[in-house]
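This briefing covers selected side-chain pairings, a surface patch and a contact. Please read it alongside the structure shown here.

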Amino acid sequence: MSYKSESYQHTAAHLIRQLEKRGMNGIYCASSREAADAVAQMIPSGSSVTWGGSETLEESGILDRIRSMEVELLDRKAAKTPEESRALYGKIFCADYFLTGTNAITTDGELVNIDGNGNRVACLLYGPQHVIVVTGMNKLCASTEDAIRRIHTMACPPNAVRVKAATPCAKTGVCSDCLSPDCICCQTVITRKSRQPGRITVVLIGEELGF
């Protein structure tokens, strides 16, 4: 075991205790493969499953694993018309399981996310019966202020490139606190506690994943 891996284990144990104080569950997985196995075991066959845009879910292979399971997939990208999209989002909001990444997590166990349309943070906050948040240990920040700073400087510029947003940061790689029509920083959400104990499970992965 490397020094970094051992340190991640100790940090994760602390984070899990902090999450429990806030009404959330936490588990630590040393690798993406272990995390994919753990997430698959959480979701019973026949469940309806949906997800928010997340590079971590893609990189870890968790989405590929979910797609191979006997579950009802609710993929928002499957809608072909605005009418289909609205009907699909109604089902998404009532899904059994919602999977997402998080832009940052603080050492006190708070989740920090910045969103554009708001569909991802909406499902994190309310709606789906179970929420599984997947994050690499590289998303750890000392405070919510540090987390917001990290997101603006390290996550939003590459994410703007990913979604092909016509924002200044997509061209310069530097946040300009814009109000562009394509702005992907429209909502800042800090999840400091879940009022539904156990609804949110945070899967901490001992790797550097996502933005």
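The notes below take up salt bridges, then a nonpolar patch, then the surroundings of one helix residue.

The model is predicted. It contains six salt bridges, including Glu-208 with Lys-4, Asp-64 with Arg-67 and Arg-149 with Asp-146. A nonpolar patch on the surface covers about 320 Å².

**Salt bridge between distant parts of the sequence**

- Glu-208 pairs with Lys-4, and their closest N and O atoms are 3.6 Å apart.
- Because Glu-208 sits in the segment after strand E10 (200-205) and Lys-4 in helix H1 (residues 3-21), this pair ties together parts that are 204 residues apart in sequence.
- Glu-208 has a relative accessible area of 55% and is exposed, whereas Lys-4, at 47%, is partly exposed.

**Salt bridges within helices**

- In the pair formed by Asp-64 and Arg-67, the closest N and O atoms are 3.3 Å apart.
- Both residues belong to helix H4 (residues 62-67); Asp-64 and Arg-67 are three residues apart there, a separation of about one helical turn.
- Arg-67 is partly exposed, with a relative accessibility of 38%.
- Arg-149 forms a salt bridge with Asp-146, with 2.7 Å between the closest N and O atoms.
- Helix H7 (residues 144-162) holds both Arg-149 and Asp-146, which are three residues apart, or about one turn of the helix.
- Arg-149 is partly exposed at 48% relative accessibility, and Asp-146 is partly exposed at 29%.

**Nonpolar surface patch**

- Phe-93, Leu-125 and Tyr-126 make up the nonpolar surface patch of about 320 Å².
- Of these residues, Leu-125 is located in helix H6 (residues 119-125).
- Leu-125 has a relative accessible area of 47% and is partly exposed; patch members need over 30%, so Leu-125 meets that cut-off.

**Surroundings of Thr-11**

- Thr-11 is in helix H1, the helix that also holds Lys-4.
- With a relative accessibility of 23%, Thr-11 counts as partly exposed; buried would require under 20%.
- Leaving aside residues up to four places away in sequence, Thr-11 touches Met-137 and Leu-140.
- Thr-11 and Met-137 are 126 residues apart along the chain, and their C-alpha atoms are separated by 8.8 Å.

Methods:
Residues numbered from 1 in each chain as written. Predicted model: local features only at pLDDT ≥ 70, side-chain atom pairs only at ≥ 80, totals over all residues. Heavy atoms only, no water. Salt bridge = Lys/Arg side-chain N within 4 Å of Asp/Glu carboxyl O. Helix = DSSP H or I, 4+ residues; strand = E, 2+ residues; numbered from the N terminus. Buried < 20%, exposed > 50% of the residue type's maximum accessible area, 1.4 Å probe, protein only. Patch = residues over 30% accessible without salt bridge, like charges linked within 9 Å, V, L, I, M, F, W, Y side chains within 5 Å. Areas by Shrake-Rupley, 256 points an atom, 1.4 Å probe, with all protein chains shown as cover. Contact = heavy atoms within 4.5 Å.
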